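Subject: Structure handover

Hello,

Here is the structure for you to look over. Please open it alongside this message. My notes come after it.

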Amino acid sequence: MADPHVVGTDPGIAPVQQHHHRDVHGGAARAAVFGISDGLVSNVGLILGVAGANPAPSVVRLAGVAGLIAGAVSMAAGEYNSMKVQQELLERELDLERRSLERFPHVETVELTQIYQSRGVAADQARALAEAMMSDPQRALEAHAREELGISPEHLGSPRAAATSSFVAFSLGALVPLMPWFFIGHGAAVLTSLAVAVVAAVIVGVATGRFTGRSRFRTAVRQVLFTLIPAAITYAIGSLIGVNV
Ligand SMILES: [Zn+2]
């Protein structure tokens with residue numbers, strides 16, 4: 001029957017099944033686009049908020065650089081932590097599974113047979129398939145990990161790689177509204193900052209639309225609104241508060 005250690009999952013339904021064999025590059029590209037979007041939205045809001053108070057351009061520049069670094073570090077740390085925790089959880093589950101395979105091979109064979117049957121394999125074939133899988137410990141663990149946990153033991157993901165790419169992606173996005181402040185004066189920089197942010201938002205929106213299969217026009221419009229509305233709000237707040245020198 002069901003593994004006592006697979007808490008809260010029904011082996012008949014198989015928890016994260018659809019996720020394995022997911023295109024890894026597609027996943028990384030999608031994560032990169034969302035990271036860029038985060039950097040863009042948060043830094044355009046920060047930069048325009050400070051710019052609203054009309055300080056020297058060097059102040060806006062400093063705020064933008066600090067926002068970029070703080071945001072990128074926080075995204076990387078968050079990504080690292082969540083991947084690490086997930087990896088440790090999966091490793092623990094794999095350990096439990098490994099031990100259960102050693103101690104109760106018979107129970108585990110029956111379990112695997114039932115999983116195959118629930119996928120529509122005939123009883124005797126399911127039994128034969130399960131026995132073939134169980135004949136080799138490594139293959140048995142892989143089969144159980146795949147069917148019960150929806151993972152492959154060798155592909156638990158790399159927290160460090162995930163942290164690095166979200167750091168880079170956020171920085172790229174955050175750099176877009178910041179760049180003009182290195183080259184032009186205040187009034188023009190505000191408008192240029194907004195303009196390049198809108199162009200980047202359109203590109204991000206179109207890319208998001210490609211991933212979700214939704215209308216690219218709609219995702220682009222939504223992304224532009226997500227970029228402009230927070231920026232308008234922070235700019236208004238910035239001009240209300242002002243700076244006391
Ligand atoms: Zn099992």
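Below are the findings on salt bridges and on a nonpolar surface patch.

Please keep in mind that this is a predicted model.

**Salt bridges**

The count comes to four salt bridges. Three of them are described here, among them one in α2 and one in α4.

Start with R98 and D95. These two form a salt bridge, and their closest N and O atoms are 2.7 Å apart. Both residues sit in helix α2, which spans residues 57-103. They are three residues apart there, so about one helical turn separates them. How accessible is each partner? R98 has 36% relative accessibility and counts as partly exposed. D95 also comes out at 36%, so D95 is partly exposed too.

Next, go to helix α4, residues 123-134. Here the side chains of R127 and E131 meet in a salt bridge, at 3.0 Å from N to O. The two are four residues apart in the helix, so they are separated by about one helical turn. R127 is partly exposed, at 29% relative accessibility. E131 is partly exposed as well, at 41%.

Then look at E93 and R92. This pair forms a salt bridge with its closest N and O atoms 3.8 Å apart. The pair still counts because the cut-off for a salt bridge is within 4 Å. Is each partner buried or exposed? E93 is buried, with a relative accessible area of 16%. R92 is exposed, with a relative accessible area of 51%. Both values sit beside a cut-off: buried means under 20%, and exposed means over 50%.

**Nonpolar patch**

Now turn to the surface. A nonpolar patch there covers about 940 Å². Its residues are V65, I69, V73, F167, V168, L172, L175, M179, F182, F183 and I184. Which elements give two or more residues to the patch? They are α2 and α6, the latter spanning 159-178. The most comes from α6, with four residues.

V73 is a good residue to find on screen. V73 lies in helix α2. At 46% relative accessibility, V73 counts as partly exposed. Helix α2 therefore turns up twice in these notes: it holds the R98 and D95 pair, and it gives residues to the nonpolar patch.

Best wishes

Key
Residues numbered from 1 in each chain as written. Predicted model: local features only at pLDDT ≥ 70, side-chain atom pairs only at ≥ 80, totals over all residues. Heavy atoms only, no water. Buried < 20%, exposed > 50% of the residue type's maximum accessible area, 1.4 Å probe, protein only. Patch = residues over 30% accessible without salt bridge, like charges linked within 9 Å, V, L, I, M, F, W, Y side chains within 5 Å. Areas by Shrake-Rupley, 256 points an atom, 1.4 Å probe, with all protein chains shown as cover.
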